[in-house]
Amino acid sequence: MSNYYKTKTIRTYVSDGTGPPKVQTKTVTIGGPGGTNIGFTPSSDFSDFGDFGSKGFGDFGGQFKVDFGDSFGNKGIKFDVGGGGGGGNQRGASRPGGSSSSYVIGGGGSNNYVISGGGSADPYSRGGSDVGKRAPPPTDPDPQPKLAGRPTRALKKNPFVGLKFQNVDEIKAQCRQQGVLFEDPEFPCIDSSIFFTRSPPRPFEWKRPHEICNNPEWISQGASRFDVRQGELGDCWLLAAVASLTCNQKLLDNVVPPQQSFSSDYHGIFKFNFWHQGEWQEVVVDDRLPTYKNQLVFMHSTEKNEFWSALLEKAYAKLMGSYESLKGGSTSEAMEDFTGGVTELFDLQKAPANLLSIMLKAYARGSLMGCSIDADPGKIEAELANGLIMGHAYSVTGVQLADIQTPRMKGQIPMVRIRNPWGNGSEWKGAWSDGSREWSLLSPEEKQELGLNFEDDGEFWMSYQDFTSNFQKLEICNLGPDSLDEDDLSNKKKWECFKEHGAWIRRVNAGGCRNYLETFWTNPQFRMTLTDPDDEDEDDLCTAIVAVLQKDRRKKRKEGLDLLTIGYVIYKLEDPNCGPLDVKFFKYNASVAKSPTFINMREICGRHKLPPGTYAIVPSTFEPHYEGEFLMRIFTEKANVSGEIDEQTSLDEDVFAAPERIPQRPSAPGKDTGFSARQVAPAYNLPQAKNAPKKRYERPAPSEQEKEQADALKQSFRRIAGEDMEIDAYELQEVLNTVFTKEFKFPGFGVDTCRSMVAMHDGDLSGKLGYDEFKELWEDLRRWKGVFKDFDKDNSGNLSSYELRSALNHVGFHISNRTFKSLVMRYSNKNGQVDFGDFIMCTIRLKTMLTSFRGHDPDNTGFAPYDIDSFIQTTMYS
């Protein structure tokens, strides 16, 4: 090791523009006599160090150390350089004395590097080493199409992207190395993590559990529904769900991993698991909690030294953006996020006849349930004479048939067990309440089986009849494949589930509800095939629970976004293999089922009994042009086959019969011998039916105007082309604009559009069109022009972007959902209009690209090999 000491003088020239520059001199000392050293200590034999240049660090190891001396507070840095031969090179670094952040550099298999530090677990990794590995970038299901090789804003706009980079084991390792407790940079202890619309009403202090009490525990004597107490936040809906969660130990252990502690391997970090918009997400938090006068402000446990429930609320607040984001909600939201299930909402004043059977089945399946009474508009959580609270969320913790046996009666009575999350004496005061005389009808054994107790713990029993008479809403969270493993089933039945991510995109598929028929058909469409009736269903019907969940809306409240009003409609499909349904289908076919209502809740859900068959489900917002992402889920008792209704992008050029060639008088060599007005007559609204036997149509006879245009076209071409009978893009522009500017309200085709027209037929890259090629182009233009006119119903010279797909279908193009979005983004304006010039440019490039693709894919496999030059020529010269 060698001492390092250096003094350097730095001169800085400064001028304010009013006089000569001034010189500022500063002397900087790096290191010093007090402990500055730079050196390398080998950990292996360096006898052949002369070969280092060829071998690198792969065969050597040791430690490189820099001590900066007194001038830097005796701080420094050291690098561990590890040789590995076949195991790959590993480099590690840390700062001596642990006085600041450490750096770890590691790799495996080759010279790969991993760097972590700065107090947050955010290592960047390449290679196969186990040192400092990092999870891959987030892969949130994104319903919107992406272009490979181009930057995307999806990750930047994703409000949850930071959560995916936090790994509890990596963070603990860093905390252990640095000797510090975790402080979460993704959810800092600041006021905006509590409230985003205002400042806290009083100064809250963030404290760790060991600063609040002497012996903090993670879970004290097992977690139960009696642990949960509500704090100052209006999130009783969350507490009701947590209380229900504690009734299912397997689900609770998944959400709240029990093997965590404030003593063993404690580093101030705790983890939870939430089902988030279709996937399970691990959420980590530090254990600093908001307090006032050393008391927890929000959710807490009955035991003062138990903290699982308070930290669970913090983790959920982090997932949603802030504590304030939890204010007001539906129990169903949290129940789904704890289980991955789907929640049905029942109006108990209009309860179905089989509701008791549904509740008994749900309880047998381990489903979570909650209930409530609508709030009094003028009061907050008003108490009724019977002891129940209005506008307050309760947990349903049991549904059973109790055996009654007395000398005068014998039978069963359906009973419902309910819990108030307040956990106090605010309980039901009617029949079967705590200590009521009705309990004398049950034997001691039956009471013990029900787990009966009469404490003021917020839990009570009601008869099923009183339950449906006094409560108004019931929420049942049915558990699906995301909720239970096969080993969990035992005697419980599990729903089959299909899920698909989608989005309503303005100008593309944000069509609104059936009231807006002209755009409703553009909404995302999903196919559902039901094959086997339910067990024990006398009518041979299939149960299907359909749920549409809108994503991210609670977390985005701080951006001013609120919940959309959403719903869905179900239609029977005669053709199970049909492509996307058009406006005519919805105009002449009635729905067979629909969502209970259109409502501004996070999720709309409905239970339907349908005969076996194939159905189309159309989710939508109530009004058109509202954007949002959603998750579609379909739950059935038997396996179902479901998926998005889509079609493969293709070009069908056999929609129309070959043009009739009308005999003409012989003409001079090189001149036209068969070009006529009939050849270029427009295709008037003659679509090719999707997935049906191809039909061939005769084009209508040309009008007098079209005959005149055909003659004018020939004369114009011959005049401009000259003796070689060829024209370039500039000459084509002149020929076409003399005709089309008289017929359409647009400035004419630009030269770029005309270049694309030339490219479509220019196989030899001459940059020109001969007369035969020009005839083919003109025929396409006439056909496309006719369709554009048909869809431009108000003669404005524009198509609605929602109509673009139908217009393209009418000229033989079939467009997939992903491709259609890219076309709308490229060829429509911000008002969702496509003018005539852009429509023609779109069709030209589509035909060019599809024709080229088909040439590289002669077997129609959907995959085409392109070398780099062919690819560039196709994309750039089109």
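Colleague: What makes the contact between the side chains of Lys785 and Glu743 a salt bridge?

Modeller: The side chains of Lys785 and Glu743 meet at 2.7 Å, N to O, and a salt bridge is defined as a side-chain nitrogen of Lys or Arg within 4 Å of a carboxyl oxygen of Asp or Glu, so the pair qualifies. This is a predicted model, in which local features need pLDDT of at least 70 and side-chain atom pairs count only at pLDDT 80 or more, while totals for chains, interfaces and linings use all residues. Residues are numbered from 1 along each chain as its sequence is written, and side-chain values use heavy atoms, with hydrogens and water left out.

Colleague: How do you know that Lys785 and Glu743 link distant parts of the chain?

Modeller: Lys785 belongs to helix H17 (residues 771–791) and Glu743 to helix H15 (residues 729–743), and the two are 42 residues apart. Helices (H or I, at least four residues) and strands (E, at least two) are DSSP runs numbered from the N terminus. Both Lys785 and Glu743 are buried.

Colleague: Which residues do salt bridges with shared partners join into one network?

Modeller: The network consists of Glu336, Asp337, Arg602, Glu603 and Arg633. Across the whole structure, the search finds 28 salt bridges.

Colleague: Why is Arg288 called buried, when Glu183, its salt-bridge partner, is called partly exposed?

Modeller: Buried means under 20% relative accessible area, exposed means over 50%, and partly exposed lies in between (1.4 Å probe, protein chains only). Arg288 has 15% relative accessibility and therefore counts as buried, whereas Glu183, at 48%, counts as partly exposed. Their side chains meet at 3.8 Å, N to O. This pair also links distant parts of the chain, with Arg288 in the loop between strand S13 (279–286) and S14, Glu183 in the loop between helix H3 (168–178) and S10, and their positions 105 residues apart.

Colleague: What makes Glu629 and Lys551 a salt bridge, and how is each of them classed?

Modeller: The N to O distance is 3.9 Å, which is within the limit, so the pair is counted. Glu629 lies in strand S30 (residues 628–636) and Lys551 in the loop between strand S25 (542–550) and strand S26 (566–572), 78 residues apart. Glu629 is partly exposed because its relative accessible area is 28%, while Lys551, at 6%, counts as buried.

Colleague: What makes S10, S14 and S15 an open sheet, and which strands are at its edges?

Modeller: The three strands have the order S10-S14-S15, with antiparallel pairing, and the edges are strand S10 (205–207) and strand S15 (295–296), each of which pairs on one side only. Strand S14 (residues 289–292) and S15 share two bridges, and two strands pair if DSSP finds at least two bridges between them, so this pair meets the condition. Tyr292 has Gln295 in S15 as its bridge partner.

Colleague: How do you know that S19 pairs with both S18 and S20?

Modeller: Strand S18 (residues 368–372) and strand S19 (residues 393–405) pair in the antiparallel sense over four bridges, with Met369 standing opposite Val396 in S19. S19 and strand S20 (residues 410–419) pair, also in the antiparallel sense, over ten bridges, and the bridge partner of Ser395 in S20 is Arg419. A hairpin of four residues joins S19 to S20.

Colleague: What is noted about phi of Arg507 and of Asn860, and why is one called buried and the other exposed?

Modeller: Phi is near 80 degrees for Arg507 and near 55 degrees for Asn860, in each case a positive value in a residue other than glycine. Arg507, in the loop between strand S23 (496–504) and helix H12 (517–520), has 16% relative accessibility and so counts as buried. Asn860, in the loop between helix H20 (836–856) and helix H21 (868–876), has 62% and so counts as exposed.

Colleague: Why is Gly748 called buried, and where is it found?

Modeller: Gly748 has a relative accessible area of 16% and is therefore buried; its place is the loop between H15 and helix H16 (751–761). Gly748 and Gly837 are 89 residues apart in sequence and 7.3 Å apart in space, C-alpha to C-alpha.
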